[in-house]
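Please walk me through this assembly, from its annotated domains to its chain contacts and a strand in one of its chains.

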Amino acid sequence: MEFVFTDEQAMIAETARAFFTENATSERTRKAMAADGIDAELWTAFCQELGLSGIGIPESAGGAGLGLVELAIIAEAAGAQVAALPMLGSLAMAAQAIAAGGTPEQQAEWLPRLLSGEVVAGYVHDAALAANGDVLTGGDRFVAHGASAQVFVVTSNTGAWIVPVDAAGLAVTAQTTMDQTRPYAQVALAGVQGAPLGNPAAAIEAAHRAGFVTVAAEALGGAQAALDRTVGYAKERVQFGRAIGSFQAYKHRLADMMIEIEQARSAVYWAACAVDEGSDEAELAVHSAKSFAADTYFMCAGNMIQLHGGIGFTWEHDAHLYFKRARAIQSMLGSGNWHRERIASMILGDAA
Amino acid sequence: MEFVFTDEQAMIAETARAFFTENATSERTRKAMAADGIDAELWTAFCQELGLSGIGIPESAGGAGLGLVELAIIAEAAGAQVAALPMLGSLAMAAQAIAAGGTPEQQAEWLPRLLSGEVVAGYVHDAALAANGDVLTGGDRFVAHGASAQVFVVTSNTGAWIVPVDAAGLAVTAQTTMDQTRPYAQVALAGVQGAPLGNPAAAIEAAHRAGFVTVAAEALGGAQAALDRTVGYAKERVQFGRAIGSFQAYKHRLADMMIEIEQARSAVYWAACAVDEGSDEAELAVHSAKSFAADTYFMCAGNMIQLHGGIGFTWEHDAHLYFKRARAIQSMLGSGNWHRERIASMILGDAA
Amino acid sequence: MKLGFSREDELFRAECADWLNGQMAGEFKDIKGITKLTACPERRKEWEQQLAAYKWSCIGWPEEWGGRNASLAHQVIFAEEYARAGVPGRVNHIGVELAGPTILAFGTEAQKQRFLPDIAAGKTIFCQGFSEPGAGSDLASVRTKARLEGGEWVVNGQKIWTSLAHISDWIFVVSRSEEGSKGPKGLTFLMMEIDQPGIEIRGIKQINGDAEFNETFFTDARCPADSLIGAPGEGWKIAMGLLAFERGVSTLGQQMGFRNELDEIIAAAKANGAAKDPLIRQRIAKAEIGLNLMRYGALRMLSQTDHSKIDGAALTYKIQWASWRRNLGELAMDVLGQAAEVAEGAEYEWDTLPNLFLYSRADTIYGGTNQIQRNLIAERGLGMPREPRGDV
Amino acid sequence: MKLGFSREDELFRAECADWLNGQMAGEFKDIKGITKLTACPERRKEWEQQLAAYKWSCIGWPEEWGGRNASLAHQVIFAEEYARAGVPGRVNHIGVELAGPTILAFGTEAQKQRFLPDIAAGKTIFCQGFSEPGAGSDLASVRTKARLEGGEWVVNGQKIWTSLAHISDWIFVVSRSEEGSKGPKGLTFLMMEIDQPGIEIRGIKQINGDAEFNETFFTDARCPADSLIGAPGEGWKIAMGLLAFERGVSTLGQQMGFRNELDEIIAAAKANGAAKDPLIRQRIAKAEIGLNLMRYGALRMLSQTDHSKIDGAALTYKIQWASWRRNLGELAMDVLGQAAEVAEGAEYEWDTLPNLFLYSRADTIYGGTNQIQRNLIAERGLGMPREPRGDV
């Protein structure tokens, strides 16, 4: 029992942090925001030069091995820069689903291309999906980076299929999205032929757990960055003749951010570890991590705007990138209330 | 339209404030706490010498006239001292019920004795009361000052009766109660013959509205006193070489109390006025006042303990009197959630 | 203490409603329901003039200056009916509510003649130049300089957060007229015409994609020597007086805008089923309670005629509404769910509720952050020691 | 990073559970489930000695002083099983967790010989004398005086909030030994026997009706010259070192107590139907999440071996649990409803959950209020400027 990074994990964290800090700059992110929300150059570098895209995918399936802890480390670093990348849909959800539940042929067909960044995948979950055999009707209005995807993993609560973007009956519509670093697309399936994954239950579980942990880790990184940047501002900004960081109310607000962030950090790595170790607590932990880290991020990003005063409310300042990403993470993949109700069901049984 | 006290109201407020400040001292209240939670001498002086007990009862019924605004003014002053008095059950609820819904005979029989303080009445509400004609079975575990009552007004959702304490089948059991200034008694009715009020609907509405407004006004007074006393402490207490009131975090906590209190003040007098004027908003206003003022009081009393540090946590200091009264007000006569759900039903229709 | 309106008041209410609804159904129906402050400024200037033509532009003002000398009850009623009818916010809000009353209180007879009729007529649109970059809400840190030169004030410096400056005609500017003065001393309050070579306005794009605010640059900007309100060096006093006007009847109009926002949320919750969620129900009830308490708080504040004592309702009003509205924005998002994060068209433009969510983050900042509000409340309302200024 | 326990750990867990459950079912079944700190002190002193007899009294200590030199995992496991078995809190918590480690770190060989075996054996119960009236958590304001006189320290002054002083044998006292010294300088850390004429103890009745805390008065109280830990004037350093021990493995035992409280709330909610209320469900889920995050925060803190850097989990731990527990007390009351405000007997004595509600108001005060915790976090954790001391 040792709840600190191994040397290897610390090295991955350092590598990822350096990579995103250097490359996922505000300027580049804003360029991506004005287009499809993907910094293509960054994505290629991440997948091919840095070679971190295979983390969390078994080596047998062409991945780099390791687990959700390492995936979380990377997502945390990407989240700290609000990097414009299709990591969530393509790697954490679609690739995880195929790696956990795809047939060897499906894995061989798709995983190398997803991990190289050559192909972007989207993840479409529709609890009410109508599946007539493998002919699918339904869809989702909020598919992350869906307009950039060449293939989709489509899931219901029990089934999982691969659907290429050119499948007959599939319509993808890009949406103007509040968080421009991860725009949604509406993906509509009207009698689309899907290729079923071999083990849909495993695929769905893997995708959802990895999805929850990934957005939670992104949220952790974003929250910490919001704090760090505000701390920097507090030291340099003078008002009423004093560094604003010398005002106790300001200090306490920063302290409150740190209190939440430290808990979010425990939550994210508890969840990642629990899934990796196959712990009984895994389900409790992933719902805890998603709901807690998302709320922490939103609180910290909101404070980042507030504590920057007027400038924090401008388009020019990066605070709104954090704020909008935080809100998106709160509402995607189940709201905080939904996750907590899942936990309540475990403890208290179903509601009335 | 003028939302300030009239000269007469300001005079009543001043009189009541002076009376309670002078007489409802900590020492006397603590003596009452160790017994039945009533400072009998104070009650007699209030009813007979001060003569404020008839306020809110029509002159035709032997009262002093005026309305809930004036009753709220008095309750606010009493609440500011956490006075140990049976005002809520005996005057604001039982006497209001009899005045609004009793027959002229019932009014003549009971009101003079209630207003003189000679008789204390308790108010027992049991939504599930079984009434076989006027034979009543049911009761309530949390009847304020019930062990000191000589008569009860017993209500269901549709019926209202007068039951003297010596009625056959009635059992009253005093309870050790967290707020010792208003101890509860369990009142159990097993086939008790009640004397029906002439207009039960009017009685119930009057008692509940006056009850909500009265505890809300008490809460307002208590919250303001908690703030005032903490402000006084903040000015004199020195820590880390500074008056603690000079610490910005401390100041902001006090400011937060004032922000809530000012809203609670609007809530209480809005509700009292709306009932007095027969406004369409009366129902919305009384639910708003009860829930908002109770939460404000609890927040302020909790802060009073916190901002006094260790001493605030001792039995010797009065902070716990406020804190326990605040909690009692939160949970009595419907929780905050219950009142807000009533409001939600008005706005949104019933829940699922 | 009396909350109800008289029969005469109710007749006045009907008159207001009739006229406003008539306008919104007729000549000005194209602007009905607009909530965005920057939308269609030209039509809204026409609307200001229409109000003036029917003597509705500044009913609280004295009759001699174009008002109706209306009672508090009438002002309340007009503000309420204005918002209820879905009339867009006043583009000359600053002129009617702040500049006008300031000139009335502190201006010379000539200044009254010069400005009041045009403000009342909707011909002169005002904006305010208080905040500066690096000074935020700290008026005492003003660095914009003014000097008298050849019978004119010459102004150099920069203002920021000058709301609607780009559609305004005049700006009032708090500037430092005494070389080397510090803090509240040595400030002067000037009225300047915006359309001149020395004034440049640049929009500040906000997080909602809109640009209501501006930076305003003064480079040897000029105004005649008699453009100052009060005396040189009295700028602080004038500015403080002006800020007191901010807590006027217009707050009730503002609240009716909030009412519309909450009603939109309620309608959305009923439509999409969120109204069945007990957690949402509690939050909507709290919003409803809070809105009513703002209304009655404002009425307490306006009914208070003894201005010698500090009025708690007035002192706490700003933080109360700002916090309420920020919560309202979050409630709106939770009611709408993910759908709120997607806009209709290809432009980054937001409907009322998502825009409320984004825009309300500014409510707790401008006009004194919530932190500064708490200082004021503790210091002025509760007598706590003042936060010491530094000398950095 | 690894959360799971090894097979060997799990065997150890079974051993702990067996022994503890056996005791609680057998010889010590009369004290099982007691949560009140002041209840049956004599039996609990016997329990301390029983723990010692089976070498469970201080398993983290070195073997030579009566411990087992247990690994972190084993300490975690023992703490968890201790609470899970319903064993009451340790009356010698201060001795085992604070005094002992302080003596180990800073004491002389003679002091180790003098104290450690008796603490380990459960024969010497310690309490702490830090806070003073008027000084609160401000250790630098200590005014209790100590002077060397005839080979003895003579102590005069007053301590407050000395938890369990009335059942303790020894007290450690931070006192001012240099006349005229100020702040952290000139303090000395003394160990004093309580049973002497110069020390008087008066209970402080708390808002829950119990009296765990005391005022302790020193009037020419005496101890031998060699009773000090470290050198004269080093009291601040020793006290700071001691406070660091507070964040040890015992936090996990404390958390298991919290687990029991939350479980009691969950059981009550299921029993009375509150568990069907979506608002209560959210709060219980939040409490469950928070409890787990405390556990994993504590494990992060304990796993951290590089003590050179400030550990965020450690720095934020106090305010985290204090706030969590205060919320838990309010949740308990809301789950139970009005019934929680009525006690069984005629005495003003409260069951676990109402008592939790009342007692938890002290959690956010003692050991540094939440306000002081936030200062420490901002200053030590985030490098913000220190709150200036005044000179009043």
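What follows takes the domains of one chain, then two interfaces, then two neighbouring residues. The model is a predicted one.

Start with chain A. UniProt, in an unreviewed entry, places the domain "Acyl-CoA dehydrogenase/oxidase N-terminal" at residues 6-118. That span of chain A is 69% helix and 0% strand. Its end C-alpha atoms lie 31 Å apart. A second record from UniProt, also unreviewed, puts "Acyl-CoA dehydrogenase/oxidase C-terminal" at residues 213-346 of chain A. Here the chain is 78% helix and 3% strand. The end C-alpha atoms of residues 213-346 are 19 Å apart.

Now turn to the interface of chain A and chain D. The contact takes 49 residues from chain A and 44 residues from chain D. Interface size is often expressed as the accessible area lost when the parts come together. For chain A and chain D, the buried area is about 4,300 Å², and carbon and sulfur atoms give 67% of it. Three residues stand out on the chain A side: A:Met1, A:Phe3 and A:Leu348 supply 20% of the area that chain A buries against chain D, more than any other three residues.

Polar links cross this interface too. The rule finds 5 salt bridges between chain A and chain D. A:Lys251 and D:Glu379 meet through their side chains in a salt bridge, at 2.6 Å from N to O. There are also 24 residue pairs in polar contact, both at pLDDT 80 or more. Which helices of chain A each supply at least two residues to the side that touches chain D? They are H7 (200-236), H8 (248-276), H9 (282-308) and H11 (336-348). H8(A) gives the most, with 17 residues. By class, this side of chain A has 25 nonpolar, 13 polar and 11 charged residues.

Chain A also meets chain C. That contact takes 46 residues from chain C and 35 residues from chain A. The two chains bury about 3,600 Å² between them, 61% of it on carbon and sulfur atoms. On the chain C side, C:Ile207, C:Gln338 and C:Glu341 supply 20% of the area buried against chain A, more than any other three residues.

The count of salt bridges between chain C and chain A is 3. C:Glu341 appears again here: its side chain forms a salt bridge with that of A:Arg327, at 3.6 Å from N to O. Across the interface, 16 residue pairs are in polar contact, both at pLDDT 80 or more. Helix H10 (317-336), strand E9 (342-343), helix H11 (352-363) and helix H12 (370-381) of chain C each give two or more residues to the side that touches chain A. The largest share, 6 residues, comes from H11(C). This side of chain C divides into 23 nonpolar, 12 polar and 11 charged residues.

Finally, look inside chain C, at strand E5 (residues 187-193), which holds C:Phe189. Is C:Phe189 buried or exposed? Its relative accessible area is 1%, under the 20% cut-off, so C:Phe189 counts as buried. Its contacts beyond four places in sequence include C:Phe130, C:Phe172, C:Ile229 and C:Leu242. C:Val173 is 16 residues away along the chain, yet the C-alpha atoms of C:Phe189 and C:Val173 are separated by 5.8 Å.

C:Thr188 lies in strand E5 as well. C:Thr188 is buried, with a relative accessible area of 0%. The side chain of C:Thr188 makes a polar contact with the side chain of C:Ser177 at 2.7 Å. It also reaches the backbone nitrogen of C:Gly233 at 3.0 Å.

Technical notes
Residues numbered from 1 in each chain as written. Chains lettered and ligands numbered in written order. Predicted model: local features only at pLDDT ≥ 70, side-chain atom pairs only at ≥ 80, totals over all residues. Heavy atoms only, no water. Contact = heavy atoms within 4.5 Å. Buried area = accessible area lost by both parts, 1.4 Å probe. Salt bridge = Lys/Arg side-chain N within 4 Å of Asp/Glu carboxyl O. Polar contact = N/O pair within 3.5 Å; in protein donor to acceptor, adjacent residues only side chain to side chain. Helix = DSSP H or I, 4+ residues; strand = E, 2+ residues; numbered from the N terminus. Nonpolar A, V, L, I, M, F, W, Y, C, P; charged D, E, K, R; others polar. Buried < 20%, exposed > 50% of the residue type's maximum accessible area, 1.4 Å probe, protein only. UniProt positions renumbered as here; feature names shortened; annotations may be inferred.
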